[in-house]
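Colleague: Please take one part of this model and go through it closely for me. I am new to reading structures, so keep the steps short.

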Amino acid sequence: MYREAAARRQGLTLSEVTASITEKSHTRESPWVRWINRCGGSVIDGVLMIGDLSIFTWQMLRWLTSRLPCRGTLLVTFYQVGALSLPVVALTGTFIGMVLAVQSYVQFHAIGLDSHLGAVINTTLVKELGPVLAATMLAGRVGGAMAAVLGTMRVTEQIDALTAMGADPIHYLVVPRFLACILLIPALTVMADFMGIVGGYCYSVIILGIDHAAYVSHSRDGVALFDLFSGVFKSVFFGAIIAVVSCYQGFHCEAGAEGVGKAATTAFVYSFVFILAVDLFLTIVLNSVYYSFYPNDSSFL
Amino acid sequence: MTNQNDSHERSIVEENPRRPLLEARDLTVTFQHNPVLSRVNLSIDRGQTVAIIGESGCGKTVFMKSLVGLIKPNDGDVRFDGRSLGEIQLEELTEIRRRFGFVFQNAALFDSMSVFDNVAFPLVQQGVVSPSEIEGRVMQHLAEVGLPTEVALRQPAQLSGGMRKRVGLARALILRPEVVVYDEPTTGLDPIMSDVINELILDTRRRYPVTSIIVTHDMRTARKVADRVLMFYPRNRLDPDDPQVIYDGPPSELEHAEDRRVRQFVHGEAGERINEMVQALSL
């Protein structure tokens, strides 16, 4: 407003004044210096964020080992994270199982291995797609909501109010969400696995007409207990990533509606990227462990 | 030697009941290389009602949050009852915060809780009263700020701005704090509701022996409620050696302050600020 008034007094439009300022500041530095400044700034911001995230996680873990939140707070969070996510995880799991059957059928049918389809679908689901799908749905549905809720609380000074009243916001807001994510994501993963297996079976046997007994027999042979364990084991890490990244983004939300929106989006994007990176790392580790115990168990077809 | 000196100093401090309740010593706060507060020295005595005025961005709220330890100063120190907030453990800081009541600008009520749960929150959190007493205390404090009992069941989103402020005030007072801090208590309210809030602040002071710190733009509030006014000036408009607090005195003297900037603010005059902005734009 003042800028407009000032510009009007000089007989200039606001855009003319802004353009002249921008032009003057740009002429002071060469493009290379500006580019290097920007890159340096991004690197420093990244390092600071990693350090800050580590401190945030450490504070949360300290509360986790010293004093848990009250049962009422935990139950509400568990309900929101677990029970309300169940239908969407089950539904997406079913569709993924069916899609895998559709995609694989033509190739397997061409070489006469239709009945082995179940082994491929189930192994893919249990080892990889189930945990990643459950984590993706949780990151989208719960992670984004966590960042938005905590971001709004930050912007509207509710987090400051908690601190001012002698409650630690990390203990009160982050610990319940972290516990809900790491304890309930294994159950959601098992649900995604189960519904995917059911979906794949229904499509293969009912629609594609593959023999029921052969499909079930090959499915049973194809999936080992270790596969189920590795999927569930990985999901715990995915849950931890979703909770920590989303809560951190919410706590460090910028002001205004745009800041809250940005926090929610960033929470999902960062969570998803971290989940896939950690998935790769854990898969390599778990495969090494598995093949060190069963070196000859490399093929099931 | 240092320990001996420290303990000697502490004993003097503890024995002196007339020491200031709150003290800021060379308080400096910088956000991303922009100084907001620079070497602010102030003390607030028990029972005072202090209004902090100043234009937007002058550091009033930052100063107020620094007093409670919500913002850590880059340099300097805040002392509450003789104890430095920068030197104490988190547990002790939490104990000190319990002696404060904080009324936030937009009340900062928890959206996920009802009005009752919001007001009861400090009692539940601190566990200072038995569960059977909580309801009575909450209803008593809601009544003290002029809210009917049925409001207790509503969600914060269902309240008007004035009601939200009053619920915020009830929540701040429920632990019977020694210091009540108000962040722009009348901003965004109509004149009648603003006066209701002013009366509630005065009523609180009459009812409880509290020290009150009120950050406000509203000169009517400052004149009516405060017995001491501090005016902050934006750091970026001052020379490095200039003090940031440009007025410290009773509200009755504001009109006749020697400093032209104080009189301009009190009368709401832009003065030379428009020309300064034109110059800043053309630099």
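**The strands of chain B**

Modeller: Strand 1 and strand 4 (residues 75–80) of chain B pair in the antiparallel sense, over five bridges. Keep in mind that this is a predicted model. One position to find in that pair is A24(B), which stands opposite V78(B) in strand 4 of chain B.

Strand 1 of chain B covers residues 22–31, and it also pairs with strand 2 (residues 34–44) of chain B. That pairing is antiparallel too, with seven bridges. Here L27(B) has V40(B) in strand 2 of chain B as its bridge partner. Strand 1 and strand 2 of chain B form a hairpin, and two residues lie between them. In the turn, Q32(B) has a positive phi of about 45°.

What holds such pairs together? Strands of a sheet pair through backbone hydrogen bonds, either parallel or antiparallel.

Now move to the open sheet of chain B. Six strands make it up, in the order 6-7-8-3-9-10, and the pairing is mixed. Which strands stand at the edges? They are strand 6 (100–103) and strand 10 (245–249) of chain B. Each has a single partner strand, so one side of each lacks a neighbour in the sheet. On average, neighbouring strands of this sheet are turned by 15° against each other, direction ignored.

Walk in from the strand 6 edge. Strand 6 of chain B pairs with strand 7 (residues 179–183) of chain B in the parallel sense, over four bridges. F100(B) has V179(B) in strand 7 of chain B as its bridge partner. Next, strand 7 and strand 8 of chain B pair in the parallel sense, over five bridges. There, V181(B) stands opposite I213(B) in strand 8 of chain B. Then strand 3 of chain B pairs with strand 8 of chain B, again in the parallel sense, and this time over four bridges. A51(B) has I214(B) in strand 8 of chain B as its bridge partner.

Stop at strand 8 of chain B. Is this strand enclosed or open? Five of its five residues are buried, so strand 8 of chain B is largely enclosed by the rest of the structure. In a regular strand the side chains alternate between the two faces of the sheet. Check both faces of strand 8 of chain B. On one side sit T211(B), I213(B) and V215(B), all buried. On the other side sit S212(B) and I214(B), also buried. Both faces of strand 8 of chain B are therefore covered.

Helices lie against this sheet. Helix 2 (residues 60–67) of chain B lies across strand 3 (49–53), strand 7, strand 8 (211–215) and strand 9 (228–232) of chain B. Helix 2 runs at about 150° to strand 8 of chain B. Helix 9 (residues 260–267) of chain B packs on the sheet as well. Helix 9 touches strand 3, strand 9 and strand 10 of chain B, and its direction makes about 75° with that of strand 10 of chain B.

Two loops next to these strands are worth a look. The first holds A107(B), between strand 6 and helix 4 (115–126) of chain B. A107(B) has a positive phi of about 75°, although it is not a glycine. Is A107(B) buried or exposed? Count its neighbours: 25 C-beta neighbours lie inside 10 Å, so A107(B) counts as buried. The cut-off for buried is 20 or more. The other loop holds R176(B), between helix 6 (161–173) and strand 7 of chain B. R176(B) is not a glycine either, and its phi is positive, near 50°. With 14 other C-beta atoms within 10 Å, R176(B) is partly exposed.

Finally, place the sheet in the chain. Chain B is divided into domain 1 (18–99 + 177–282) and domain 2 (110–170). Their C-alpha centres lie 27 Å apart. Where they touch, domain 1 of chain B gives eight residues and domain 2 of chain B gives seven residues. On the domain 1 side, the contact has six nonpolar, one polar and one charged residues.

For contrast, glance at chain A. Chain A has 11 helices and zero strands.

Methods:
Residues are numbered from 1 along each chain as its sequence is written. Chains are lettered from A and ligands numbered from 1 in the order in which they are written. This is a predicted model: local features need pLDDT of at least 70, side-chain atom pairs count only at pLDDT 80 or more; totals for chains, interfaces and linings use all residues. Two strands pair if DSSP finds at least two bridges between them. Axes are lines fitted to C-alpha atoms, for helices over the stretch in contact, and angles run from 0 to 180 degrees between N-to-C directions. Two residues are in contact if their C-beta atoms, placed from the backbone, lie within 7 Å. Domain bounds come from an automatic or database domain assignment. Ala, Val, Leu, Ile, Met, Phe, Trp, Tyr, Cys and Pro count as nonpolar, Asp, Glu, Lys and Arg as charged, and the others, Gly among them, as polar. A residue is buried if 20 or more other C-beta atoms lie within 10 Å of its own, exposed if 12 or fewer, and partly exposed in between; C-beta atoms are placed from the backbone.
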